[in-house]
Amino acid sequence: MSAPNRIWWKDGTVYQIYPASYKDSNNDGLGDIPGIISKIDYIKDLGVDLVWLSPMYDSPQLDMGYDISNYEAVYPPYGTVADMETLIEACHSRGLRLILDLVINHTSDEHQWFKESRRSKTDPKRDWYIWRPAKYAADGTRMPPNNWRSFFSGSAWQWDEHTQEYYLHLFATQQPDLNWENATTRRAIYDSAMEFWLQKGVDGFRIDTVNMYSKGTDLPDAPVIDQGIFEQPASSLFCNGPRMHEFLREMNTQVLSKYDTMTVGELPDTPDPKHVLRYVSSGDKQLDMIFQFDIVDLGGGKIHKYEYEGYQLSEMKAIIAKWQQFIDGSDGWTTVFCENHDQGRSVSRFASDAPEWRERSSKLLAIMMCAMTGTLFIYQGQEIGMINAPTAWPIEYYKDIEALNYYHSVAKRTNNDTEALAHVMKSIQILGRDHARLPMQWDSTPYAGFTGKKDGAWMRTHDLYKEINVASQLNAPDSVLNFWKKMLQTRKAHKDLFIHGRFETFDMDNQETFVFGKTFGQDRAVVALNFTDSEQPFKRPQGQGKMQLLVSNVGGVDGTEDILLPYEGRVYLAL
Ligand code: GLC
Ligand code: CA
């Protein structure tokens, strides 16, 4: 293969850290940068190559730091810029790279830029955000400029009494959208959010909501799909707008091309592989790779994600195949992920978190992830098989603005209809973002060793931390943790096949098992995964030649080759 295929960000595995929930070093109940530094050898020892740190910037924390009030400062409870410099050094000295979260679709309403923008209609920074006059209904009622619903429920427009205009916020009211049409604003973003940290040595960015910066200037109404309410889902109108590719090329030429970086963009609402290829084609100098959303949207409701509909295994297989294969024959690149800070835990969503199956399920998913093509991303706690919060937790234990706003909007809309609320609750139990934000489970001491604070962490600790934690898994040869380490090594040992190979599918309509193949030159592997809690018949696909078992999550398979045990996963390698 040619040289570009051996770029570090293709072969590397990324480990995502959510600073609030990783490790609390000073017992205030909140994770922090020194806490992460204290775990850096643990991270290195996993066999990963890069750390992606979720936002640690100064922020009023309405959306857990995705509402940034100063790109050039650290949220004081997390530490200081000097602590970040120490973290960069701690990573680099161990051969790890560090990428930061780049949140530049919006800022916090407490950012100095917005404070100035809202001062008056003639302020020099007025045009740095998206302001529009009100509309008026026939009866004179003041209405927002259009019917867009924000991601966190309610209108995407907020009325500003002082200047008598609305501003746009696709997320929380306190997250006003920046106006990317303004070249001065773009330059300020590049300097403050990117150059500041690149000059300190960070190795790139995970770029938040990367396809929403260009919204066009018309901002038309969205079609009505949610009857009986004014605000409508509108992401197809504000994602992938007319100047999107131009903006990313500009960002690349003006900033990123000066450094040896990696970029991975978050790309919701982009189902067309040809369109995705435009973002990740290496010839087109925009992004190195993206997170396509189909896999994490799986089962979510059409009108709102928290109206869960469920899914069939064949749908999951088709999605995986589509986003594994879309780069075939192109100069683009893909990613492998099934968890992050916005998702329920993969064991609970895609396999089984029942006590008798959860370890095997975690290993099954580890096999699947480690055998797939693209840059692999693991989320903190995934390596020990952390699971969703217990279903007994009431809504009061949840903290996330997305879940709470939706729950309360349905309560209001339906006048507390028990059935409607039970359905939302069920959906939150599967998909809620809070599941990923529970404190990391380090050991079996109080609060899972995450914090020494007497009354516990900022977010409730999982009830099962004594059974699922790092300390108990480190020295247990058969633990999920050691299985992940082994799988990451196996992936590296066969990187042509697993990281770069061509993905092929077998028996796609089967709703119980997922069997896929990987090929690279003469190398060949077959992966067989049983996604049910019962035994399933299995036949190795025809024409694969002689193969031997490379990995199994249940030990040997002597004599039972044609049966896959519940949640069993296997990898065969051609001899
Ligand atoms: C992204 C982040 C999410 C955040 C949102 C707004 O989707 O991953 O956590 O709420 O952007 O910044
Ligand atoms: Ca702390």
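What follows is a chat about a predicted model, covering its domains, ligands and cysteines.

Colleague: Before I get carried away, what kind of model is this?

Modeller: It's a predicted model.

Colleague: OK. Which domains does the assignment give?

Modeller: Domain 1 is made of two stretches, 8-107 and 183-480. Domain 2 runs over 112-168, and domain 3 over 502-574.

Colleague: And how far apart are the C-alpha centres of domain 2 and domain 3?

Modeller: Those two centres lie 55 Å apart.

Colleague: Let's move to ligand 1. How many residues surround ligand 1, and which are the closest?

Modeller: There are 13 around it, and the closest are Asp-63, Asp-208, Glu-266, His-341 and Asp-342.

Colleague: What's the mix by class in that shell?

Modeller: You get 7 charged residues, 3 polar and 3 nonpolar.

Colleague: Which side chains put a polar atom by an oxygen of ligand 1?

Modeller: Arg-206 is one of them, with a polar side-chain atom 2.9 Å from a ligand 1 oxygen. For Asp-208, a side-chain N or O atom sits 2.8 Å from an oxygen of the ligand. His-341 also has a polar side-chain atom 2.8 Å from a ligand 1 oxygen.

Colleague: How much of ligand 1 does the protein cover?

Modeller: 95% of the 310 Å² of accessible area that ligand 1 has on its own.

Colleague: Now the calcium ion, ligand 2. Which protein donors does it have?

Modeller: Asp-24, Asp-28 and Asp-32 each donate through OD, Asn-26 through OD1, and Leu-30 through O. These donors lie 2.2 to 2.3 Å from the ion.

Colleague: What spacing do they follow along the chain?

Modeller: The pattern is D-x1-N-x1-D-x1-L-x1-D.

Colleague: Is Asp-24 buried or exposed?

Modeller: Asp-24 counts as buried, because its relative accessibility is 3%. Asp-28 is partly exposed, with a relative accessible area of 30%.

Colleague: Switching to cysteines: how many disulfides are there?

Modeller: The count comes to 0.

Colleague: Why is there no bond between Cys-338 and Cys-370?

Modeller: The cut-off for a disulfide is a pair of cysteine sulfurs within 2.5 Å. The sulfur of Cys-338 is 10 Å from its closest cysteine sulfur, the one in Cys-370, so they're too far apart for a bond. Looking from the other side, Cys-370 is in no disulfide either, and the nearest cysteine sulfur to it is that of Cys-338.

Colleague: And are those two cysteines buried or exposed?

Modeller: Cys-338 is buried, at 3% relative accessibility. Cys-370 counts as buried as well, at 1%.

Terms used
Residues are numbered from 1 along each chain as its sequence is written. Chains are lettered from A and ligands numbered from 1 in the order in which they are written. This is a predicted model: local features need pLDDT of at least 70, side-chain atom pairs count only at pLDDT 80 or more; totals for chains, interfaces and linings use all residues. Side-chain values use heavy atoms; hydrogens and water are left out. Buried means under 20% relative accessible area, exposed over 50%, partly exposed in between (1.4 Å probe, protein chains only). A residue is near a molecule or strand if one of its heavy atoms lies within 4 Å of it. A polar contact is a pair of N or O atoms within 3.5 Å; within protein, one must be able to donate a hydrogen and the other to accept it, and residues adjacent in sequence count only if both atoms are side-chain atoms. Accessible areas come from the Shrake-Rupley method with a 1.4 Å probe; for residues, only the protein chains shown count as cover. Ala, Val, Leu, Ile, Met, Phe, Trp, Tyr, Cys and Pro count as nonpolar, Asp, Glu, Lys and Arg as charged, and the others, Gly among them, as polar. Donors are N, O and S atoms within 2.8 Å of the metal (3.2 Å for Na, K and Ca); water is not among the atoms, so sites may look incomplete. Domain bounds come from an automatic or database domain assignment.
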